Amino acid sequence: MKNNNQEKHSDSQYPSRQFYFPEQIIESFILKGKETLQFKRRAQFILSLMAGAFISFGALASVLLSINIEIDGYFHLLSGIGFAIGYAMILLSGSILFTEVNVLLPSYILYSKYSLSKKVLQFWIVCYIGNFLGALFVGFLLNLSGSLDKEFYEGLLVFMEKKMQFTERGTWGWFQVLFSGILANWLIGIAAVLSTAARDVAGKILGIFLPVIIFEAGNFQHAVANMGYFSITVLEGFEYNWFQLIFYNIIPASIGNLIGGGILVSLLLSFAFKEDIDEEVLEEESKSIEG
């Protein structure tokens, strides 16, 4: 295994093909997680606000593209494409999304001898709050702008009902949201893997779109995506209140997202390719980040 790894890194850190090797994707996760943690708290918060805003734009696009589409397949495809636009904006702008952090940080924590420091926990909290506030800000602006017509809100209500259908199932509904959250960030985590594997912008966008379309079509519960959908309804007085949103949807979805992205993507891949990770490259790149 080590010989293969040395051969891959003999001339360059990167292969001469159009995608990264799996172990290099994990290396990238580790380095990006480390780099993001070293941002000033102000930068972390601003980038988290931006990610929450872009998620709301993705939610907006998913509704706009699917309005009046009666064929289920086309409806799911178009709504998935709409949401993937928001995720692509996040990835290419360098914004910080809670569910992406769930994929990056576990690999870094594993590499750094399981060090779950106060700094890591604080970053997770800043990211989560920033995403929520960014989503709310766009939601308020959209409503105050008066740009969205009655037809849009009728289409949004379809999404809202799908997201909140679990509240009527009591305790079991809460756990169903959690399980759905695992599936959601398993797919979003794979979108992060595929987009990291690609070496050009077109490949990164395609890598994002494929899993995100499945996630959106399956009505899987993504905490920040739901923040985006719900934020657009803030001034509309829909029947769902903040208590229902936070305790019956956002909280179980967030727990599921942590499991799906952190364990089923990040840690499993990190353990699978642990022996192939080039520690010399990591040390060299870490020094360049610290420098």
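**Figure 1. The largest nonpolar core and the residues at its busiest spots.** In this predicted model, the largest nonpolar core takes in 70 residues, and Phe152, Phe215 and Ile232 are the ones that touch the most other members. Helix 6 (residues 118-145) chips in nine residues, the largest share of this core. Zoom in on Phe152 and you'll find Leu60, Val63, Leu64, Ile67 and Ile232 in contact with it, leaving aside residues up to four places away in sequence. Ile232 therefore turns up twice here, as a partner of Phe152 and as one of the three members that touch the most others, where the core itself is built from buried residues joined through side-chain atoms within 4.5 Å.

**Figure 2. The whole chain, for orientation.** The protein has 12 helices and zero strands, so its pattern along the sequence is simply α-α-α-α-α-α-α-α-α-α-α-α, given that helices and strands are taken as DSSP runs. Of the 291 residues, 51% are buried. Among contacts with a separation of 6 or more, 83% join residues that sit 24 or more positions apart. The accessible surface adds up to about 13700 Å², and carbon and sulfur atoms own 63% of that.

**Figure 3. Helix 6 from end to end, plus the glycine that follows.** Helix 6 has 28 residues, which should span 40 Å at 1.5 Å a residue, and its end C-alpha atoms are indeed 40 Å apart. Just past the helix comes Gly146, with a positive phi of about 70°.

**Figure 4. Helix 4 and its buried residues.** Helix 4 (residues 72-93) runs for 22 residues and reaches 32 Å from first C-alpha to last, close to the 32 Å expected at 1.5 Å a residue. Its buried residues include the aromatics Phe75, Phe83 and Tyr87. Small residues are on the buried list too, among them Ser79, Gly80, Gly82, Ala84, Gly86 and Ala88, and so are Ile90 and Leu91. Right after helix 4, Gly94 takes a positive phi of about 80°.

**Figure 5. The one salt bridge.** Search the whole structure and one salt bridge comes up. It pairs the side chains of Lys32 and Glu100, at 3.2 Å from N to O. The two partners come from distant parts of the chain: Lys32 belongs to helix 2 (residues 22-37) and Glu100 to helix 5 (residues 98-111), 68 residues apart. Which of the two is buried and which is partly exposed? Lys32 is partly exposed, at a relative accessible area of 29%, whereas Glu100 counts as buried at 6%. As background, side chains of opposite charge can pair when their charged atoms come close.

**Figure 6. Phe159 and its neighbours.** Phe159 sits in helix 7 (residues 150-164) and counts as buried, because its relative accessibility is 3%. Its contacts include Ser62, Val63 and Ser66, then Phe75 and Ser79, and finally Glu216 and Tyr229, not counting residues up to four places away in sequence. Phe75 and Ser79 are also on the list of buried residues in helix 4. Phe230 is 71 residues from Phe159 in sequence, with 9.6 Å between their C-alpha atoms.

**Figure 7. Ser195 in helix 8.** Ser195 lies in helix 8 (residues 170-197). How buried is this serine? At 1% relative accessibility, Ser195 counts as buried. Setting aside residues up to four places away in sequence, Ser195 touches Leu91, Lys204, Gly207 and Ile208. Leu91 is one of the buried residues of helix 4.

**Figure 8. Two asparagines with positive phi.** Asn68 has a phi near 65°, positive although the residue isn't a glycine. Asn68 is in the loop between helix 3 (41-66) and helix 4, and is exposed, with a relative accessible area of 59%. Asn219 also has a positive phi, near 55°, and lies in the loop between helix 9 (201-217) and helix 10 (223-231). Buried or exposed for Asn219? Asn219 counts as buried, because its relative accessibility is 11% and the cut-off is under 20%.

**Figure 9. A nonpolar patch on the surface.** Phe243, Phe247, Tyr248, Ile251 and Ile255 together make a nonpolar surface patch of about 430 Å². Tyr248 belongs to helix 11 (residues 242-272) and is partly exposed, at a relative accessible area of 32%. For context, an α-helix has 3.6 residues a turn, so residues three or four places apart point the same way.

How values were computed. Residues numbered from 1 in each chain as written. Heavy atoms only, no water. Buried < 20%, exposed > 50% of the residue type's maximum accessible area, 1.4 Å probe, protein only. Helix = DSSP H or I, 4+ residues; strand = E, 2+ residues; numbered from the N terminus. Contact = heavy atoms within 4.5 Å. Patch = residues over 30% accessible without salt bridge, like charges linked within 9 Å, V, L, I, M, F, W, Y side chains within 5 Å. Areas by Shrake-Rupley, 256 points an atom, 1.4 Å probe, with all protein chains shown as cover. Salt bridge = Lys/Arg side-chain N within 4 Å of Asp/Glu carboxyl O. Expected span 1.5 Å × (residues − 1).
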